[in-house]
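Biologist: I keep meeting words like "buried" and "tilted" in structure descriptions. Could you show me how such words are earned?

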Protein chains: 2
Amino acid sequence: MTNRSNVTKQKLLDAATEIIMNHGVHHLTLDEVAKTAGVSKGGLLYHYASKEALLTAMVERLQQEQNELYASLQQEGYGPVEAFVRLFDETKLHPERAAIQIDVEKMIAFLTLFAVDQEYANRWKEDLDAFFEQFQKTADPVETMIIRYALEGMMMSEHFGVGVPPAELKQAIIARLIERAHDIDNQSEKQ
Amino acid sequence: MTNRSNVTKQKLLDAATEIIMNHGVHHLTLDEVAKTAGVSKGGLLYHYASKEALLTAMVERLQQEQNELYASLQQEGYGPVEAFVRLFDETKLHPERAAIQIDVEKMIAFLTLFAVDQEYANRWKEDLDAFFEQFQKTADPVETMIIRYALEGMMMSEHFGVGVPPAELKQAIIARLIERAHDIDNQSEKQ
DNA sequence: CTTTCTGTACCGACCAGACGGTTTGTTTGA
DNA sequence: TCAAACAAACCGTCTGGTCGGTACAGAAAG
């Protein structure tokens with residue numbers, strides 16, 4: 001694959017991501033993606049032969065980004081559970097650390113894509129199933145899963161803007177989740 | 001409104017609900033709803049002048065069902081938080097109590113609708129915002145919100161079938177959530 | 001050196017099907 | 001008989017995808 005082709009492909013994925021984030025799934029049309037990327041529809045379909053191919057590539061790219069961020073958090077010394085919690089909040093807790101960038105908004109946007117078409121959700125399933133399996137083998141699987149679920153629920157709530165608590169309460173919630181995750185990781189290590 | 005009309009309207013809402021649950025949002029078309037309900041499209045549009053009117057009615061019906069169930073749980077003596085937890089699991093914990101029926105699958109299906117079109121989500125927003133406000137005034141708002149988020153996250157996870165824990169672990173999670181909710185309600189009452 | 005050829009990257013008109021909604025006609029029950 | 005309760009053909013729009021063509025960079029041929 002040439003360099004030029006790659007640049008265009010990234011532009012197309014960026015465009016698709018931008019649209020799904022800022023305008024919603026139902027505006028995610030081929031024409032719109034092409035227009036946003038500054039390419040014609042023909043150009044788009046040259047690189048991605050179908051809408052599904054485009055969206056699949058988009059999902060795969062995000063998946064890879066997530067994995068890399070998680071790995072880098074673990075390399076910084078965080079245990080598996082705490083690293084997971086921080087995955088959701090690193091950017092907002094430490095905006096200065098732009099290098100580590102998880103985009104919760106982006107993840108949420110993708111969730112809506114999965115909601116519409118289970119096919120795309122299934123692309124994550126294998127990876128995520130394997131990932132969450134380790135969560136069932138920590139020192140306290142019940143608490144670990146509660147932490148995990150809470151983060152996912154929080155994400156949804158924020159997305160819909162429904163029942164969103166004031167900032168201080170939200171910080172307190174995250175702080176407590178991190179605290180507990182930390183404890184669990186410590187306990188797990190001692191075993 | 002005549003009786004006959006009412007029956008057909010319920011059939012239409014049932015059909016729409018069935019489709020969104022079993023086939024996903026993108027199959028939720030007027031033709032499909034009409035066909036499932038055993039009515040022509042003309043017949044459908046006689047009762048609900050637009051797709052939006054149909055879906056709004058569908059959302060409102062669910063909303064009402066939820067409120068009734070929650071109220072009945074509270075009348076049985078459960079505190080606000082515990083009643084909320086049981087809202088998510090009453091059917092599965094006590095399948096014999098068919099009278100009290102919340103359909104988690106159904107709620108989840110509706111979430112996908114909200115994901116696609118924020119408009120429908122906004123119809124709940126006011127109600128839910130008011131509802132969750134009381135959760136910020138319990139004896140332990142942080143824990144209360146964690147419980148709430150965990151339940152919502154659990155719902156999502158089940159829907160996508162991603163990272164679903166074995167049945168025993170799931171029961172243990174719910175048991176612990178109920179336990180904590182119970183404690184919080186007790187503490188709140190003493191204040 | 002120039003002409004021809006070839007493959008990559010891209011354009012944009014067009015098409016077919018799906019879908020929401022309209023209109024017109026028909027049945028049915030009080 | 002009259003209005004409510006449907007049925008069914010039809011329409012316009014939107015959207016994913018096709019298709020014939022263009023621009024251009026290099027390789028091959030003369």
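Modeller: Happy to; we will go through some terms one by one, keeping in mind that this is a predicted model.

Biologist: What makes chain A a helical chain in your description?

Modeller: Its secondary structure comes to nine helices and zero strands. Read along the sequence, the pattern is α-α-α-α-α-α-α-α-α.

Biologist: How do you know that the length of helix α4 of chain B agrees with what is expected?

Modeller: Helix α4 of chain B covers residues 51-75, which is 25 residues. At 1.5 Å a residue, the helix should span 36 Å, and its end C-alpha atoms are 36 Å apart, so the two values agree. Just after α4(B), B:Gly77 takes a positive phi of about 110 degrees.

Biologist: Why is A:Glu143 called buried?

Modeller: Buried means under 20% relative accessible area. A:Glu143 has 5% relative accessibility, so this residue counts as buried. A:Glu143 is found in helix α8 of chain A, residues 141-160.

Biologist: What is A:Glu143 in contact with, leaving aside its neighbours within four places in sequence?

Modeller: Its partners are A:Arg180, A:Ile184, B:Arg176 and B:Arg180. With A:Arg180, the side chains are joined by a polar contact of 3.3 Å, and the cut-off for that term is 3.5 Å.

Biologist: Now the rings! How many aromatic pairs does a search of the whole structure find?

Modeller: There are 16 over all chains. In one of them, A:Phe84 and A:Phe131 have ring centres 5.7 Å apart and planes at 40 degrees.

Biologist: Why is that pair of A:Phe84 and A:Phe131 called tilted?

Modeller: Planes under 30 degrees apart count as stacked and over 60 as edge-to-face, with the rest tilted. At 40 degrees, the planes of A:Phe84 and A:Phe131 fall in between, so the pair is tilted. A:Phe84 lies in helix α5 and A:Phe131 in helix α7 of chain A, so the pair ties together parts that are 47 residues apart in sequence.

Biologist: Are these two rings buried or exposed?

Modeller: A:Phe84 is buried at 5%, and A:Phe131 is buried at 18%. A:Phe131 also forms a tilted pair with A:Phe135, at 5.3 Å centre to centre and 55 degrees between the planes.

Biologist: Last one: what makes the relation between chain A and chain B that of a two-fold axis?

Modeller: A rotation of 179 degrees with 0.1 Å of shift along its axis superposes chain A on chain B, with an RMSD of 0.2 Å. That is the relation of a two-fold axis. The same surface serves both copies, as 100% of the contact residues of chain A recur in chain B.

Technical notes
Residues numbered from 1 in each chain as written. Chains lettered and ligands numbered in written order. Predicted model: local features only at pLDDT ≥ 70, side-chain atom pairs only at ≥ 80, totals over all residues. Heavy atoms only, no water. Helix = DSSP H or I, 4+ residues; strand = E, 2+ residues; numbered from the N terminus. Expected span 1.5 Å × (residues − 1). Least-squares fit on C-alpha atoms with pLDDT ≥ 70 in both. Contact = heavy atoms within 4.5 Å. Buried < 20%, exposed > 50% of the residue type's maximum accessible area, 1.4 Å probe, protein only. Polar contact = N/O pair within 3.5 Å; in protein donor to acceptor, adjacent residues only side chain to side chain. Phe/Tyr/Trp six-rings, centres within 6.5 Å; stacked < 30°, edge-to-face > 60°.
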